[in-house]
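Subject: Structure handover

Hello,

Here is the structure I promised to pass on. Please open it first, then read my notes below.

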Amino acid sequence: MRIDQYVPGFAKHDAIGNHSLQIRSLLRGQGIESDIYGEWIDPRVASEARHYREARPTRGDVVIYHSSTHSSIVDWLLDRAAPGVTVLSDYHNITPSSYFRRWEPAAADSMDLARAEFERMAPVVSLAMADSQYNEKDLLAAGYGRTATAHLLVDLEEYHRAPDARTLERLRRQKARGGADWLFVGRIAPNKCQHDIIGAFAAYRRVFDPAARLTLVGGATAVRYLRALEQLTERLELGDSVTFADNVAFPALLAHFATADVFVCLSEHEGFCVPVLEAMELEVPVVAFDAAAVPETLAGTGVLLGDKDPWAVAVAVAELLADGDRRERLVAAARDRARELSLPVTSAALLRILTGWLAEAGLS
Amino acid sequence: MADPLPTASDTRQAKPESSLSAVDTRYLAQIRGAMARFGRRSEPGESEVDSALADLADAATIDVEAPSASNRRAGRAAKQGIKKLTRWYLRYIAQQTTVLGQAATRLGAALAERTDRLEDTTSGLSDELARLRDRVERLERREAETAEPPGPPPKPASPGAEVDRRA
């Protein structure tokens with residue numbers, strides 16, 4: 001028996017890509033043969049994965065499909081599930097298409113296809129794992145029989161490497177001029193609601209801190225949305241105080257975290273939200289909108305808002321930054337919470353789920 | 001991690017919204033208006049046309065308050081001066097552009113509605129056509145079943161008759 005993983009997109013520094021690499025290490029550590037197959041493979045990590053059409057699953061094999069986006073892997077796998085290949089799913093959530101319909105209709109169509117594939121897979125999946133309880137509810141609603149929550153495997157030790165010196169120096173020079181640094185990390189996408197962050201930041205800057213800066217790190221998956229955000233920034237007269245940072249290398253990302261005063265996440269749809277965990281690990285206090293899996297990841301260690309009104313968010317950030325003791329308490333609690341989500345803990349939990357299921361299925 | 005950096009020291013204690021100046025209140029209203037436009041999500045079943053019309057409706061209102069922020073004080077003063085001097089002219093143009101935008105939105109909505117009605121009619125006609133085709137086939141089958149059995153095959157025509165027909 002072997003356990004292979006199938007990932008629609010396998011990319012460098014991608015949460016799902018890293019997660020699948022960690023699972024492969026875990027399985028190989030148990031003496032189980034395991035490889036990764038993808039539909040699209042980032043050339044920079046081409047040595048780690050192969051195209052799924054090269055795979056030859058045979059009777060008795062187990063495959064884990066990472067469900068997050070539309071992929072032709074699904075139908076291919078469903079064809080192969082019949083002759084005795086056991087299919088497991090690791091669900092990372094699918095963004096509702098309604099967020100993208102207005103900005104990127106083609107992307108919205110793709111999300112609808114992904115949702116249909118997700119539902120089509122339910123009857124053939126023997127075990128479905130979810131990054132969060134929020135995602136697990138989605139699995140149950142779609143009719144998946146056996147489910148379990150196994151958090152995303154994130155190696156938080158990686159985040160303690162040295163930040164990029166040049167970026168750090170540049171950001172520190174900016175900081176020396178005064179003003180708080182707001183940070184958000186995540187793809188520029190309508191469900192992540194960067195517009196709400198810009199709105200709240202505009203209110204904050206106008207009333208509390210005219211020298212404040214906002215950095216939005218992340219590549220654009222919805223280009224029209226990005227253009228609209230740039231226009232919004234202009235219209236709200238924010239000048240150079242808002243930076244859209246695309247193509248940020250990992251050491252430079254660390255520099256952004258090192259100089260951030262607050263991590264503001266007003267996203268409405270997250271299956272887990274790795275950047276929130278990164279902020280917790282790197283001791284940046286989090287102010288977040290109470291939606292999707294974010295409250296579960298934060299577990300009370302950040303400021304959770306039930307209202308995204310720009311003024312409400314601006315006041316929440318201002319109060320947090322003005323209260324050093326509260327900030328310290330939250331940062332300490334967040335660090336403890338990050339320990340609970342650290343790789344040794346989450347990988348042991350995932351392994352327990354997998355080996356338990358294998359034993360029950362008589363495959364161990 | 002890098003050395004800890006000082007956090008914002010110039011952040012003042014939060015204050016109630018009611019204490020904001022008129023200028024700040026107006027700015028906040030501007031932000032909220034922009035957020036409402038951004039926050040609109042497609043309704044279930046909303047078509048691309050509906051979505052585009054909603055965007056057009058948002059964009060139909062022209063804002064004459066051009067941004068005047070600048071990193072340099074002189075630049076900001078110049079922008080604000082130009083803004084004051086040209087406000088009457090821009091407002092005049094903006095009013096007409098806004099009316100044009102609203103008219104375009106109405107036209108788009110009317111065309112979309114008409115297209116929807118035509119699609120409904122076409123769909124209804126297709127159903128009717130299918131029903132009629134089905135009925136004709138059934139009638140043809142019934143006719144074939146009730147028709148008398150075919151008689152003996154016709155005699156081959158005589159060569160003479162052939163000649164006659166050609167004549």
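A definition to start with: helices (H or I, at least four residues) and strands (E, at least two) are DSSP runs, numbered from the N terminus. On that basis, chain A has 13 helices and 13 strands. Please keep in mind that this is a predicted model.

Chain A, overall

Chain A has 364 residues, and a compact globule of that length would have a radius of gyration near 21 Å. The value for chain A is 21 Å, so the two agree. Along the principal axes, the C-alpha atoms of chain A fill a box of roughly 65 × 40 × 35 Å. Buried residues make up 59% of chain A. Now take the contacts in chain A between residues at least 6 apart in sequence: 70% of them join residues at least 24 apart. The exposed surface of chain A is about 13800 Å². Carbon and sulfur atoms supply 47% of that surface. Chain A carries 39 positive and 50 negative charges. Their mean positions are 3 Å apart.

The cores of chain A

Which residues touch the most other members of the largest nonpolar core? They are A:Trp182, A:Tyr204, A:Phe257, A:Phe263 and A:Val317, in a core of 87 residues. Helix H11 (residues 310-322) of chain A gives this core its largest share, 9 residues. Another core lies apart from it and holds 25 residues, among them A:Tyr37, A:Val63, A:Ala130 and A:Tyr144.

A:Trp182 deserves a look of its own. Leave aside its neighbours within four places in sequence. Its contacts then include A:Ile197, A:Ala200, A:Phe201 and A:Tyr204. A:Arg213, A:Leu214 and A:Thr215 are also among them. So are A:Val262, A:Val264 and A:Val317.

Single residues in chain A

A:Asn18 sits in helix H1 (residues 15-29) of chain A. Its relative accessibility is 33%, so A:Asn18 counts as partly exposed. A:Asn18 and A:Asp155 are 137 residues apart along the chain, yet their C-alpha atoms are separated by 8.5 Å.

Two backbone angles are worth checking. Most residues other than glycine have a negative phi. A:Cys273 is not a glycine, but its phi is positive, about 75 degrees. A:Cys273 belongs to the loop between strand S11 (262-265) and helix H9 (274-281) of chain A. Is A:Cys273 buried or exposed? At 4% relative accessibility, A:Cys273 counts as buried, because the cut-off for buried is under 20%. A:Ala292 is not a glycine either, and has a positive phi of about 50 degrees. A:Ala292 is in the loop between strand S12 (286-289) and helix H10 (294-298) of chain A.

Chain B

Chain B has 4 helices and 0 strands. Its elements run α-α-α-α from the N terminus on. Of the 167 residues in chain B, 15% are buried. Among contacts in chain B with a separation of 6 or more, 51% are between residues 24 or more positions apart. The accessible surface of chain B is about 13100 Å², and 58% of it belongs to carbon and sulfur atoms.

B:Ala77 lies in helix H3 (residues 73-146) of chain B. With a relative accessible area of 47%, B:Ala77 is partly exposed. How far apart are the C-alpha atoms of B:Ala77 and B:Arg135? They are separated by 80 Å, with the two positions 58 residues apart along the chain.

Best wishes

Notes:
Residues numbered from 1 in each chain as written. Chains lettered and ligands numbered in written order. Predicted model: local features only at pLDDT ≥ 70, side-chain atom pairs only at ≥ 80, totals over all residues. Heavy atoms only, no water. Rg over C-alpha atoms; globule rule 2.2 N^0.38 Å. Buried < 20%, exposed > 50% of the residue type's maximum accessible area, 1.4 Å probe, protein only. Contact = heavy atoms within 4.5 Å. Areas by Shrake-Rupley, 256 points an atom, 1.4 Å probe, with all protein chains shown as cover. Lys, Arg positive; Asp, Glu negative; His and termini not counted. Charge placed at Lys NZ, Arg CZ, Asp CG, Glu CD. Core = buried A, V, L, I, M, F, W, Y, C linked by side-chain atoms within 4.5 Å.
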